[in-house]
Amino acid sequence: MKVAVIGTGYVGITTGVTLAYVGHHVTCVDVNPAKLASLKAGKAPIYEPGLEELLSLAAERLAFTDSYAEAVPEADVIFIAVGTPPLPDGNPDLQYLQAAAAGIGEHIGEGFTVVVNKSTVPIGSGNWVDALIHEAFATRQGKLFQEHLAVASNPEFLREGSAIHDSLYPDRMVVGAEDQRALEVLYTLYRPILEQTFTPPSFIPRPEGLQAVPFIATDLTSAELIKYSANAFLALKISFINEIAALAERVGADVTQIAKGIGLDARIGTRFLQAGIGWGGSCFGKDTAALIATAQDYGLSMPIVAAAREVNYRQRERIVEKLLAELKILKGRTIGLLGLAFKPNTDDLRDAPALDIAHRLIERGVRVRVHDPVAMEKARREHPHLALHYCETPEEVAEEADALVLVTEWAMYRELPWEEMARRMRRAVLVDGRNFLDRAQMAALGFRYVGIGLNPLEPPRLAAKEAPRAVRVEG
Ligand code: NAI
């Protein structure tokens with residue numbers, strides 16, 4: 001099939017590249033010349049494992065352009081994957097969506113075309129996009145007949161850091177449309193993924209046992225609401241365990257044990273129950289705010305979702321409180337942050353807790369040293385006014401520091417020469433914002449180790465011969 005993808009951000013480029021990989025001809029449109037130049041040169045404009053390799057494997061079926069006229073007229077399916085960043089009132093900014101819909105309307109061809117909202121957009125956006133396309137078409141060529149166009153919603157659930165994996169092997173595919181033909185076209189488009197008939201790339205193997213992906217066909221509005229509900233639910237799972245973590249600290253319990261103890265109940269599940277600094281990134285904050293704003297439009301409130309937000313943003317201040325408890329005075333101290341990206345394996349800094357924490361510390365007169373394996377260049381570019389001292393290595397961050405905070409659980413931080421790190425520091429205080437490091441080992445190396453919701457005492461254990469087989473808790 002011929003596919004156009006409007007917007008080549010995290011979602012657009014992943015969609016374009018995976019659809020090209022499974023055999024479609026894809027033209028990606030963007031308005032950012034630097035992104036286009038990078039993609040045309042075969043370079044990924046973002047850090048995302050496997051993206052560059054897939055770009056090269058699918059190169060002959062992929063094109064990049066800034067011209068709607070080149071991509072839109074011939075396309076059977078057009079994905080809109082532009083950004084929908086938050087406005088101060090919580091509603092998403094829809095100016096990019098509006099521009100994309102107008103651009104499609106101006107150039108849409110005469111054949112049957114399915115326009116798909118892949119961006120996370122408020123309830124009712126499907127109808128709005130449909131109207132915008134008709135309007136733009138009418139100003140140029142007269143009436144666009146309904147038989148030529150169907151608008152669908154196909155929310156994206158990929159996780160940054162494993163975006164390619166999640167697009168090739170999704171848990172489910174949700175498609176909402178009022179027009180039966182759109183459902184059929186999208187089923188056909190996604191067939192190689194739904195039926196897992198493509199040859200997996202060697203560097204991102206198919207998960208064991210995956211044979212088919214459930215296809216959830218629904219009406220437009222339900223599909224739009226599924227996306228917001230999924231993100232809100234995940235957000236509140238994390239905030240729930242963080243709320244429990246605060247109580248665990250007070251009563252001398254250990255939140256990691258609690259997470260295991262409740263998570264192995266299949267009704268609860270172990271994932272998204274890691275206590276820590278909380279969520280960040282471009283989606284949870286924005287989408288929970290949008291859900292609340294939508295509810296308000298309809299005269300409803302969303303107290304559970306609102307509380308999840310409150311707990312989450314409170315976690316960032318709790319890190320500052322922990323540092324204060326350890327160091328007593330913050331003014332004039334040097335504190336090192338390990339990790340800037342909002343989570344590992346991405347360079348995305350949107351709503352990143354590290355930047356927020358750095359800002360709070362700088363306001364209190366702290367000198368902040370930072371390291372991140374991939375996101376420092378972006379941080380320098382996007383936050384030129386934040387007075388951070390960028391360090392090329394984690395060891396440099398430790399130099400003469402009064403405390404270190406592990407903000408992002410990059411795998412490389414487990415392997416650091418921690419003994420040397422402790423030696424370099426003025427005070428070996430380590431706040432592990434993700435309960436990521438081995439606390440006994442850190443304590444043995446001389447660190448004052450502070451986690452989130454942890455009991456300072458080692459938990460009792462069964463003698464090895466009596467212990468049941470270990471159960472791995474993932475998340
Ligand atoms: P992004 O900000 O990385 O990318 C958006 C792209 O659209 C940019 O490259 C921008 O230059 C381009 N663009 C803006 N206006 C345009 C126009 N008129 N024509 C063509 N291109 C245009 O955004 P990201 O993260 O990819 O998100 C896109 C949407 O997907 C958002 O609604 C987001 O909520 C949703 N989403 C994002 C996920 C993520 O993990 N990043 C996951 C699931 C959904």
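These legends go with a set of close-up views of a predicted model.

**View 1. The largest nonpolar core.** Let's start on the inside. In soluble globular proteins, nonpolar side chains tend to be buried together. Here, the largest nonpolar core is made up of 66 residues. If you want to find the ones with the most contacts inside this core, look for I6, I78, V115 and I133. Which helix gives the core its largest share? That is helix α1, residues 10-21, which puts in seven residues.

**View 2. I78 and its neighbours, and another core.** Now zoom in on I78. Skip the neighbours within four places in sequence, and I78 is in contact with A4, I6, V72, I104, T113, V115 and V116. Two of these names, I6 and V115, also turn up with I78 among the residues with the most contacts inside the largest core. Apart from that core lies another one, of 45 residues. Its members include L340, L349, M425 and V450.

**View 3. Around the ligand.** Next stop: the ligand and the residues around it. There are 26 residues here, and G7, G9, G83, S119 and T120 are the ones that come nearest. Two elements, α1 and α5 (95-107), each give two or more residues to this shell. What classes of residue make up the shell? Sorted that way, the shell has twelve nonpolar, ten polar and four charged residues.

**View 4. Two helices side by side.** Two packed helices are described by the angle between their axes and the distance between the axes. In this view, helix α11 (residues 284-297) packs against helix α12 (residues 303-327) at an angle of about 150 degrees, and their axes are 10 Å apart. The crossing of α11 past α12 is left-handed. To see where they meet, pick out T288, L291 and I292 on the α11 side, then V305, A306, A308 and R309 on the α12 side. Split by class, this contact has five nonpolar residues, one polar and one charged.

**View 5. M173 in a strand.** Here we look at M173, which sits in strand β7 (residues 173-177). Is M173 buried or exposed? Something in between: M173 counts as partly exposed because 18 other C-beta atoms lie within 10 Å, and a buried residue needs 20 or more. Not counting residues up to four places away in sequence, M173 touches Y190, L194, V213, F215 and I216. For a sense of scale, E60 is 113 residues away along the chain, and the C-alpha atoms of M173 and E60 are separated by 26 Å.

**View 6. Two loop residues with positive phi.** Most residues other than glycine have a negative phi, and most peptide bonds are trans. Let's visit two residues with a positive value. E400 has a phi near 60 degrees and lies in the loop between α15 (394-398) and β12 (403-406). Because E400 has 12 C-beta neighbours inside 10 Å, this residue counts as exposed. N435 has a phi near 45 degrees, and its place is in the loop between β13 (429-432) and α17 (439-444). With 20 C-beta neighbours inside 10 Å, N435 counts as buried.

**View 7. A403 in strand β12.** A403 belongs to strand β12. How many other C-beta atoms lie within 10 Å of A403? There are 25, so A403 is buried. Setting aside the neighbours within four places in sequence, A403 is in contact with L323, E326, L327, I335, R427, V429 and V431. A422 is 19 residues from A403 along the chain, with 9.7 Å between their C-alpha atoms.

**View 8. Two stops on helix α9.** Our last view follows helix α9, residues 220-251, where you will find T221. A246 is found in α9 too. T221 has 16 C-beta neighbours inside 10 Å, so T221 counts as partly exposed. A246 is also partly exposed, with 16 other C-beta atoms within 10 Å. Now for some distances. T221 and E178 are 43 residues apart along the chain, and their C-alpha atoms are separated by 9.4 Å. A246 and M376 are 130 residues apart in sequence and 31 Å apart in space, C-alpha to C-alpha.

Methods: Residues numbered from 1 in each chain as written. Predicted model: local features only at pLDDT ≥ 70, side-chain atom pairs only at ≥ 80, totals over all residues. Core = buried A, V, L, I, M, F, W, Y, C linked by C-beta atoms within 7 Å. Helix = DSSP H or I, 4+ residues; strand = E, 2+ residues; numbered from the N terminus. Contact = placed C-beta atoms within 7 Å. Axes fitted to C-alpha atoms, helices over the stretch in contact; angles between N-to-C directions. Left-handed = near helix turned anticlockwise from the far one by under 90°. Nonpolar A, V, L, I, M, F, W, Y, C, P; charged D, E, K, R; others polar. Near = placed C-beta within 6 Å.
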